[in-house]
Amino acid sequence: MMQYLAQMQPKNVFGSEWWKGDQGYDRYSWMIVHPALAIAIAAFLTIGLYSLLYKENKLYRFVEHIFVGLAAGYSIYAIWAEVLYPLWWNPMVGQAGVNGMPMELGHWAWAALLPVGVLAFFVFSTKNAWLSRIPIGIIIGLWSGQQFGAFYSRALPQIADTARPIIPNTWSLADRNAPAGVLSAPQALNNLILVATFIVVLSYFLYSFEQKNKIIQNSARTGRWLLMVGFGVIFGTTMMTRFVLFIDRAYFILIEWLKLGPPN
Amino acid sequence: MKFWQTLYAIDRRVLYLILIILVSWQILQPITVPNVVLPMSQAMFDKVESLKDGDVILIESDWTTSTQGESEGQFKALIRQLVRKRVKFILTAIDPLAPGIARLRVDQVLKEEAPDPPYVEGTDWAVAGYFPNAENYVLAMVTNVKDTLDGKGLAGRPIMKGIKDLSDMKAVINVTASASINVWYERIRGKAPIGLMCTAVMAGENIPYFASGQLFGMVIGAKGAFDYEDLLAQKYPDEKYVNYQSGRRYMSPLFFALLLLIVSVIVGNVAMVVLRKKEGAAQ
């Protein structure tokens, strides 16, 4: 059994050995199909995915399932080859001394993790689903314990950064190379906008009492408008990302596949 | 009335068709788009430029082909700068697909740059591969970077010489299309400065971290890649260098695509207002 498992030892696809190949050849020069055919297949799959823009169709479903299957299969392999094998299996079984490397004794206590992990699969059992909560509980417990430090490191510098000077000490225009302590008028105005935005947006989230005070009402209304501006920015940048993804694929089809123009 | 109703409810497929025509036209016959480098891109470039020959940095590359349009240009521009500065780098990822993709791009850049002496894997750069669970990975890197990387095949490699703690690395740069940077904000404990190369959609969420100094630099989307390529071209104008690639390449199609979006939003809203007024008058 151990010999069989040793033969099944996965090769690290992220290591240089795999990419160089067993016989020392460059794996890029070796492809299952001709490169032109590989590009044509990729172009066909790209067009298949974008066919959804016209309407839902079987070609789109087919390509989507190929993608999901490939990603899932590759991920499972990567988890075994990259994580479980080197970080769990190897320390557990140890290693024989070969090629001048010293022998390493196995630490069989690692085996205790297997039944705990397997409990997660009881989520598929209607009768014993509660067992799956044990590993989930361990993970949540570990995660929760870290959250105090995480919040401190992430949020406190943000809160501290809202305390900014808003009165300029020079009336010159903003200079990126200005010495420390010099606050130009445009920079002071930027700081004022930031501090004011922080306060009015925060006032919008005062839900603990009814907002009857006129100042609070106006502040919350302004905060809501500024939030809308923020959402507009997010919408705009989202569209930018989506457009670039499409442009990248269009470039691939027009230039790399159809070769309608020179690469630029 | 019918004219405004048509404008108000244009079939989305018509808009897609216009988009395809505009983008195809600009890919085949691009116009030159002027560029003003963003301060956050400049800060990232300056920080990397300040690194010395032999310094080691950590690059967490969490992008895959799904955001190749934006992330590839950023990643390759960064690797070019590192190679020209002869800064060493170790690649990690929290996405199982990412390490293979990053390795391909590094090999492409090394082939194009042809550094002399050559960049040797294990000595000048290394791929530590995939780490599951971002929280535990970052925690392990922060508390015991040596054992964490040794366990991923880097034990005894020359690049690990002198790396005992994360603070021995001069920077951590996260090239990402996901929220993986949040874990670094939360757990870095000031051990190394963090830089971010992200997709445009992540910009709004992360700019405050640059403003507060939690990030030393930030490169945003295809525009950030274009910034970086411009900065590379200014710093390394020699013709032997490849400075411009997908960052500049995608700017003119993006310009026209965004123009179409803006026009569509204006037309749709004007049509809505006109229709509401006409309906109000009719009642």
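In the predicted model, chain B has 12 helices and 6 strands. Its C-alpha atoms fill a box of roughly 80 × 45 × 30 Å, taken along the principal axes. Chain B contains 283 residues, and 48% of them count as buried. Contacts between residues 6 or more positions apart were also examined in chain B; residues 24 or more positions apart account for 74% of them.

The strands of chain B come together in a sheet. This sheet is open and has 6 strands, in the order β3-β2-β1-β4-β5-β6. The pairing is parallel. At the edges stand β3 and β6 of chain B, each of which pairs on one side only. From one strand to the next, the twist averages 15°.

One edge of the sheet can be followed residue by residue. Strand β2 of chain B covers residues 88-93 and runs parallel to β3(B). The two strands are joined by 5 bridges. Here Ile90(B) stands opposite Ala126(B), a residue of β3(B). Helix α7 of chain B, residues 145-154, packs on the sheet and touches β2 and β3 of chain B. The direction of α7 makes about 95° with that of β3(B). A second helix, α10(B), also packs on the sheet. Helix α10(B) touches β5 and β6 of chain B, and its direction makes about 110° with that of β6(B).

Helix α9 of chain B spans residues 203-211. Its buried residues are Ala203(B), Asn206(B), Tyr209(B) and Phe210(B). Seen down the axis of α9(B), these buried residues fall within an arc of 120°, so they line one face of the helix. Both chains help to cover them. The cover includes α8 (214-257) of chain A. From chain B, it includes α3 (39-49), α8, β5 (194-198), β6 (215-220) and α10 (221-235). Just after α9(B), Gly213(B) takes a positive phi of about 85°.

A loop residue offers another view of chain B. Pro118(B) lies in the loop between α5 (98-113) and β3 (125-130) of chain B. Is Pro118(B) buried or exposed? A residue counts as exposed if 12 or fewer other C-beta atoms lie within 10 Å of its own. Pro118(B) has 11 other C-beta atoms within 10 Å, and is therefore exposed. Ala77(B) is 41 residues away from Pro118(B) along the chain, and the C-alpha atoms of the two are separated by 18 Å.

Chain B also touches chain A. The contact involves 48 residues of chain B and 46 residues of chain A. On the chain B side, the largest share comes from helix α2 (residues 12-28), with 6 residues. The residues on this side of chain B divide into 25 nonpolar, 13 polar and 10 charged.

One helix pair between the chains was examined in detail. Two packed helices are described by the angle between their axes and the distance between the axes. Helix α6 of chain A covers residues 133-161, and helix α8 of chain B covers residues 180-187. Their axes come within 7 Å and cross at roughly 100°. Angles of 65 to 115 degrees count as roughly perpendicular, and α6(A) and α8(B) are therefore roughly perpendicular to each other. On the chain A side, Ala150(A), Ser153(A) and Arg154(A) take part in the contact. They meet Tyr185(B), Glu186(B) and Arg187(B) in α8(B). By class, the contact of α6(A) with α8(B) has 2 nonpolar, 1 polar and 3 charged residues.

Technical notes:
Residues are numbered from 1 along each chain as its sequence is written. Chains are lettered from A and ligands numbered from 1 in the order in which they are written. This is a predicted model: local features need pLDDT of at least 70, side-chain atom pairs count only at pLDDT 80 or more; totals for chains, interfaces and linings use all residues. Axes are lines fitted to C-alpha atoms, for helices over the stretch in contact, and angles run from 0 to 180 degrees between N-to-C directions. Helices (H or I, at least four residues) and strands (E, at least two) are DSSP runs, numbered from the N terminus. Angles under 35 degrees count as roughly parallel, over 145 as roughly antiparallel, 65 to 115 as roughly perpendicular and the rest as oblique. Two residues are in contact if their C-beta atoms, placed from the backbone, lie within 7 Å. Ala, Val, Leu, Ile, Met, Phe, Trp, Tyr, Cys and Pro count as nonpolar, Asp, Glu, Lys and Arg as charged, and the others, Gly among them, as polar. A residue is buried if 20 or more other C-beta atoms lie within 10 Å of its own, exposed if 12 or fewer, and partly exposed in between; C-beta atoms are placed from the backbone. The arc is that of the directions from the helix axis to the C-beta atoms. Two strands pair if DSSP finds at least two bridges between them.
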